[in-house]
Amino acid sequence: MSPKKNSVQQMFDDISPKYDFLNHFLSFGIDFSWRKKLVALLSERHPRRILDVATGTGDVTIALTRLNPEKIVGIDISDKMLDIARRKVTEKGMQKVIAFKQSDAERIPFSDGSFDAVTVAFGVRNYEDLRKGISEMKRVLCPGGTMMILEFSQPTATPFKQFYRFYSRFVIPFIGKLISSHSDAYRYLPESVAAFPSGADFLNILTESGLIDCHQEILSFGIASIYSCQTPDKIKTSGQRL
């Protein structure tokens, strides 16, 4: 892996024990509603095989079982995050439906057209090559498949914009360091959000990647957004499905 990917992998390995708690605490629990919304939107597509990229500790993967799919596969670069995800799935008795695999999101280890839907929550901004990562997710989607991306964005309305900037730049790094003892990880969060091409810029990237019907749903005054799009029905695929 490249130095950046090694760094990201090590960072998530290091914060994995406190990751879930800090996610819920720092978002005031709003992250639960964001994931629920993603699942609700995807339910309209009735996917049978789902890939959850950058699955982390598996919260989205587990939430996706509400759609009663045949199979869900979660991949992540951090094996320590996946260890937590595997424990959750075992405790819930979901091993027949959910499987996990350590993998780089820019080199997905599945054949073309293997999945009806691909999801990723708070992961695309960590891609080293964003367009390559999107291309890989598109590749493993079947014709007419759905890609759904939940990611942080930048609020634009005053005064919420100013409050969010202060909170993300000062409060999140302070609390994150205090609880996780990792000084860099929670400075990286607001920096990666600020650098990410959200909104219309990201929709343009999705469209330029050959995806269609690309839409953005703004959540919680712009703190996060769900981007949904599809692969064209005419895409030809090769390889075997799962």
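Does N68 count as buried or exposed, and at what relative accessibility? In this predicted model, N68 counts as exposed, at 56% relative accessibility. The report below returns to this residue after treating the strands, the enclosed and open spaces, and the nonpolar cores.

## Strand 1 and its partners

Strand 1 covers residues 49-53, and four of its five residues are buried, so the strand is largely enclosed by the rest of the structure. It is joined to strand 2 (residues 71-76) by five bridges, and the two strands run parallel. Within this pairing, I50 stands opposite I72 of strand 2.

Strand 1 also pairs with strand 4 (residues 115-121), again in the parallel sense, over four bridges. Here L51 is the residue of strand 1 that stands opposite V118 in strand 4.

## The largest pocket

The volume of the largest pocket is about 520 Å³. Its lining consists of 30 residues, and those nearest the centre are L26, S27, F152, I172 and L189. Classed by residue type, the lining of this pocket comprises 23 nonpolar, four polar and three charged residues.

Four helices each give at least two residues to the lining of the largest pocket: helix 1 (3-26), helix 2 (30-43), helix 6 (160-180) and helix 7 (185-195). Helix 1 provides the largest share, seven residues.

## The largest cavity

The model holds one cavity of 30 Å³ or more. The largest cavity contains about 400 Å³ of space. It is lined by 29 residues, with A54, T55, D76, G123 and N126 nearest its centre. The lining of the cavity divides into 13 nonpolar, eight polar and eight charged residues.

Helix 1, strand 1, helix 3 (59-63) and strand 2 each contribute at least two residues to the cavity lining. The largest share, five residues, is supplied by helix 1. Helix 1 thus appears in the linings of both spaces, with the largest share of the pocket lining and the largest share of the cavity lining.

## Nonpolar cores

The largest nonpolar core comprises 44 residues, and W34, L64, L150 and F152 have the most contacts inside it. Seven residues of this core come from helix 1, which is the largest share. A second, separate core has 28 residues, including V118, L141, F196 and Y227.

F152 links several of these descriptions. This residue is among those nearest the centre of the largest pocket and among those with the most contacts inside the largest core. Leaving aside residues up to four places away in sequence, F152 touches W34, F122, R125, Y164, L189, V193, F196, S198, I223 and A224.

## Helix 7

The buried residues of helix 7 are A185, Y186, Y188, L189, P190, S192 and V193. They pack against helix 1, strand 5 (141-152) and helix 6. Two of the residues buried in helix 7, L189 and V193, are also among the contacts of F152. L189 is, in addition, one of the residues nearest the centre of the largest pocket.

An α-helix has 3.6 residues a turn, so residues three or four places apart point the same way.

## Loop residues

S114 is located in the loop between strand 3 (98-102) and strand 4. This loop residue is buried, with a relative accessible area of 1%. S114 and L141 are separated by 27 residues in sequence, while their C-alpha atoms are 6.0 Å apart in space. L141 is itself one of the members of the second core.

P159 belongs to the loop between strand 5 and helix 6. The peptide bond that leads from T158 to P159 is cis, with omega near 5 degrees.

## Positive phi outside glycine

H46, although not a glycine, has a positive phi of about 50 degrees. Its place is the loop between helix 2 and strand 1. With a relative accessible area of 62%, H46 is exposed, because the cut-off for that class is over 50%.

N68, the residue of the opening question, is likewise a residue other than glycine with a positive phi, near 55 degrees. N68 lies in the loop between helix 3 and strand 2. Its relative accessibility of 56% is over 50%, and N68 therefore counts as exposed.

Conventions:
Residues are numbered from 1 along each chain as its sequence is written. This is a predicted model: local features need pLDDT of at least 70, side-chain atom pairs count only at pLDDT 80 or more; totals for chains, interfaces and linings use all residues. Side-chain values use heavy atoms; hydrogens and water are left out. Buried means under 20% relative accessible area, exposed over 50%, partly exposed in between (1.4 Å probe, protein chains only). Two strands pair if DSSP finds at least two bridges between them. On a 1 Å grid over the protein atoms alone, a cavity is a set of points where a 1.4 Å probe fits but cannot get out, and a pocket is an open set with protein on both sides within 12 Å along at least five of seven lines; lining residues have an atom within 4 Å of a point. Grid points are joined across faces, edges and corners, and a volume is the space filled by probe spheres set on the points. Ala, Val, Leu, Ile, Met, Phe, Trp, Tyr, Cys and Pro count as nonpolar, Asp, Glu, Lys and Arg as charged, and the others, Gly among them, as polar. A nonpolar core is a set of buried Ala, Val, Leu, Ile, Met, Phe, Trp, Tyr and Cys residues joined through side-chain atoms within 4.5 Å. Contact means heavy atoms within 4.5 Å.
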